[in-house]
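Trainee: I have a structure to go through with you. I would like a close look at one part of it, and then the wider setting.

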Amino acid sequence: MPRKQECIAMLLAGGQGSRLGILTKNIAKPAVPYGGKYRIIDFPLSNCVNSGIYTVGVLTQYQPLELNDYIGNGQPWDLDRAEGGVHILPPYQQIKGSEWYKGTANAIYQNIHFIDRYSPDYVAILSGDHIYKMNYDKMLSYHKEKNADCTIACIEVPWEEASRFGLMFVDSEGRITDFEEKPKNPRSNKASMGVYIFTWSKLRQYLIDDEADPNSSNDFGKDVIPKMHRAGERMYAYEFDGYWKDVGTIDSLWEANLDLLNPQINIDLDDASWKIYSRNAAAPPHYISADSKVENSLVSAGCEIEGEIDYSVLFSNVTVEKGACVKYSIIMPGAVIKEGAVVQYSIVAENAVIESGAVVGEKPESMKDPSAWGVAVVGAGVTIGKGVTVPSKAMIDKDMKGGN
Amino acid sequence: MRARNILGIIFANMYDDCLHELTALRTMASVPFGGRYRLIDFHLSNMVNCGIDKVGVVTKGNYRSLMDHLGNGRPWDLARKRDGLFLLPPFNADSSRSRSSRLEALIDLLPFIESADDEFVILTDCNVVCSFDYSGLIDFHKNTGADITVCCKRGIRPNLNDLMTFETDSDCRVTKIAVSPKLTEECLYSLNIVLLRKPFLERLIAEAKSLNYRSFTRDIMQSNVEKFKIYAYEPEGFIRTIDSLKSYYDISMELLKRENRKELFSADRPVFTKVRDDMPAIYGINCKAKNSLIADGCHIEGEVENCILFRGARVGKNAVVKNSILMQGTIVSEGAHLNCVITDKNVTVTQGKNISGAESFPIYISKGIRV
């Protein structure tokens, strides 16, 4: 048996992220590229190691191939350990048959034996699809200080957005007095971040009871947390005031990337004391030519830039040819923007090719009906032919043939 | 051809003197190059890219930065239980003193070479910047039946001591060897990358030891040009020899040409290096950057033209940097002007300073200096 650990983390990475459309056609949401060189899962994984949690179970289910490959033995995050380290935990067959993960709580329930091997006092349950930098160790100290059974990280969101979140009511001691799940008329703006710390002995029993309940959907937010609350367990809110973003939709993914270019926003990826680790491409520094014009952008290794880039995020090995123009866009690894093409307000996925003269995306100002505006998306490996126009909000997952 | 049966030996300290500015605090092997690399990366990558999985790195002195860079060899996939990376520092003062030439170092290394179970050995120094497929060299060596194959290049001889130039017959067999001759015209000069059979090398070393030979070029190569079958192999690709600070500067600047980058960083032969986990480079509002090679972690708010910026270099507002090489962590503060300057690691140029060298004489600012 491995040695006892005080706290281990379980990372929920099985979600499809269906609202990301073609971007998650072949990969799970946590594997979606973000920020020029990262994938979303780099954030919770780096938070774990930076917080001193070195045993991490990653629960996978939807399209795990690329995610498994990316995590590998965990070396980029220093999680290749003799004891603990990162473990990929897909659903598996047991003597009484096999089952997919039915819900977030069921996923943890099916891995009770994995957690028990480390006899932890506490378990952190994290989701693999949020962008934030957070010290879980501080949250754990808070959990211990309050002698809590469950601590939920929360963040104040703008009132007008509050109805999209699970909201909490908190007394002056920080104890949670009530919950509301996505209410129409929110009375609180403290939103749950989907980051939980549980006292393992408590959670273990609730998971077993929840599994035995035929009416349960086996979900933390819908079932386990309300049950614990009704039973009067000690539940506390841990307030977080840094940058946090759920990149659940195309627009929020696009926004979260461009947030990196906004000096007002406090997610500092350049912080040497809290590095975000990732699997790095073995690519040389990027080159910008004498004809290029690059402003207000992030550009990664291996790019060759001859065109114009403004307010955009370029991942590794992207090519932007002469006279091409990229504005307000996210260009993922290996994509090629050919001569004279225009890419604006768009996400171009890995290895896509935009042929010369094509125009992808539209400015919100140029729309007849501004409310119909949205980010255009070109899927992985797709070719947009010469001179083709891709309208706002389009999602292209097949090649589009152009003229000559 | 994969080359599992080849032992690689890299000499980290050879020709340190010709680049004394950059090697004052480090080995030739750990001299930064190309925005994110150290010179040894090119040789390690050449070796692992053709399947060599046992590499010894021979050091003499100043090797702390090299140890830090290499670690356990993981970036080159050389962190292995079986074979992998072997650091071979001198094991006592005697062996440090006796490692001033390649042959003396080899004599010192004989037990390491004997303990390897490989069939061939490749020897290389670090002052050559190159990326080429070793399998061509290996095939050439086998096809010619050579005792010793030396990689070489045609051109003006670099200004190095103890550098061989060759005359060959039509089959590339070396017929005459001159050591650092006074030549102004093009010639065939050695890149000091040598392939030979391991038992043959062991025999040469044992003989050299007993006869008190000192020079690989003179006592082994030149004296035996008729007795041994020595062949000259001319690899293709981006291959340049560094022989001075000026040539270091010129060769670095050659990377601003696309065809050179394509040759040195070809997709099927990646150059591996230690990862620093920097964020992508940030370009600020109103910055101007032209014809430059820029690494991750750079932050550009001013003007940059014809430059190579290493990881984490910063150029502040209204600063102008031209024709310069800024190594890792260099900070050019607001309003400073730099032209034809090489800054070593963690140099800070404070506000409004103006430093200008010439393309034929770049100014070098050493590690950690605050101007």
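Trainee: Leaving aside its neighbours within four places in sequence, which residues is B:Thr27 in contact with?

Mentor: A caution before the answer: this is a predicted model. Leaving aside neighbours within four places in sequence, B:Thr27 is in contact with B:Ala12, B:Asn13, B:Asp16, B:Gly61, B:Asn62, B:Tyr63 and B:Leu66. B:Thr27 sits in the loop between strand 1 (6-11) and strand 2 (32-33) of chain B. Its relative accessibility is 0%, so B:Thr27 counts as buried. The side chain of B:Thr27 also reaches that of B:Ser30, in a polar contact of 2.9 Å.

Now follow strand 1 of chain B. Strand 1 runs parallel to strand 6 of chain B, and five bridges join the two. One pairing to find on screen is B:Ile9, whose bridge partner in strand 6 is B:Leu123. Strand 6 of chain B covers residues 120-124, and five of its five residues are buried, so the strand is largely enclosed by the rest of the structure. Both of its faces are covered. B:Phe120, B:Ile122 and B:Thr124 are buried on one side, B:Val121 and B:Leu123 on the other. Strand 6 also pairs with strand 11 (residues 187-197) of chain B. Here the strands run antiparallel, joined by four bridges. B:Leu123 appears again: its bridge partner in strand 11 is B:Val194.

Another loop in chain B deserves a look. B:Asp277 lies between helix 9 (258-264) and strand 14 (281-283) of chain B. Its phi is positive, near 55°, and B:Asp277 is not a glycine. The relative accessible area of B:Asp277 is 12%, which makes it buried because the cut-off is under 20%.

Chain A has a comparable point to check. Phi of A:Gln63 is near 35°, again a positive value in a residue other than glycine. A:Gln63 belongs to the loop between strand 4 (55-59) and helix 2 (65-71) of chain A. With a relative accessible area of 31%, A:Gln63 is partly exposed.

Helix 1 of chain A spans residues 42-50. Eight of its nine residues are buried, so the helix is largely enclosed by the rest of the structure. The buried ones are A:Asp42, A:Phe43, A:Pro44, A:Leu45, A:Ser46, A:Asn47, A:Cys48 and A:Val49. After helix 1 comes A:Gly52, with a positive phi near 85°.

Next, the two chains together. In chain A, 35 residues are in contact with 34 residues of chain B. The size of an interface is often given as the accessible area lost when the parts come together. Here chain A and chain B bury about 2900 Å² between them, 48% of it on carbon and sulfur atoms. Five salt bridges are counted between the chains. In one of them, the side chains of A:Glu306 and B:Arg258 meet at 2.9 Å, N to O. Across the interface there are also 24 residue pairs in polar contact, both residues at pLDDT 80 or more. On the chain A side, the elements that give two or more residues are strand 16 (286-288), strand 17 (293-295) and strand 18 (297-299). The residues on that side divide into 16 nonpolar, twelve polar and seven charged.

Strand 16 of chain A pairs across the interface. Its partner is strand 16 (residues 292-294) of chain B, in the antiparallel sense over three bridges. A:Tyr287 has B:Leu293 as its bridge partner there. Within its own chain, strand 16 of chain A pairs in the parallel sense with strand 19 (residues 304-305), over two bridges. A:Tyr287 stands opposite A:Glu304 in that strand.

These pairings belong to an open sheet of eleven strands, with mixed pairing. The order is 31(A)-28(A)-25(A)-22(A)-19(A)-16(A)-16(B)-19(B)-22(B)-25(B)-28(B). Strand 31 (383-384) of chain A and strand 28 (363-365) of chain B stand at the edges. Each has a single partner strand, so one side of each is left without a neighbour in the sheet.

Finish with A:Met400, in the segment after strand 33 (395-396) of chain A. A:Met400 is partly exposed, at 26% relative accessible area. Beyond its neighbours within four places in sequence, A:Met400 is in contact with A:Thr383, A:Ile384, A:Gly385, A:Val388, A:Thr389 and A:Val390. A:Met400 and A:Thr389 are eleven residues apart in sequence and 9.5 Å apart in space, C-alpha to C-alpha.

Conventions
Residues are numbered from 1 along each chain as its sequence is written. Chains are lettered from A and ligands numbered from 1 in the order in which they are written. This is a predicted model: local features need pLDDT of at least 70, side-chain atom pairs count only at pLDDT 80 or more; totals for chains, interfaces and linings use all residues. Side-chain values use heavy atoms; hydrogens and water are left out. Contact means heavy atoms within 4.5 Å. Buried area is the accessible area (1.4 Å probe) that two parts lose on being put together, summed over both. A salt bridge is a side-chain nitrogen of Lys or Arg within 4 Å of a carboxyl oxygen of Asp or Glu. A polar contact is a pair of N or O atoms within 3.5 Å; within protein, one must be able to donate a hydrogen and the other to accept it, and residues adjacent in sequence count only if both atoms are side-chain atoms. Ala, Val, Leu, Ile, Met, Phe, Trp, Tyr, Cys and Pro count as nonpolar, Asp, Glu, Lys and Arg as charged, and the others, Gly among them, as polar. Two strands pair if DSSP finds at least two bridges between them. Buried means under 20% relative accessible area, exposed over 50%, partly exposed in between (1.4 Å probe, protein chains only).
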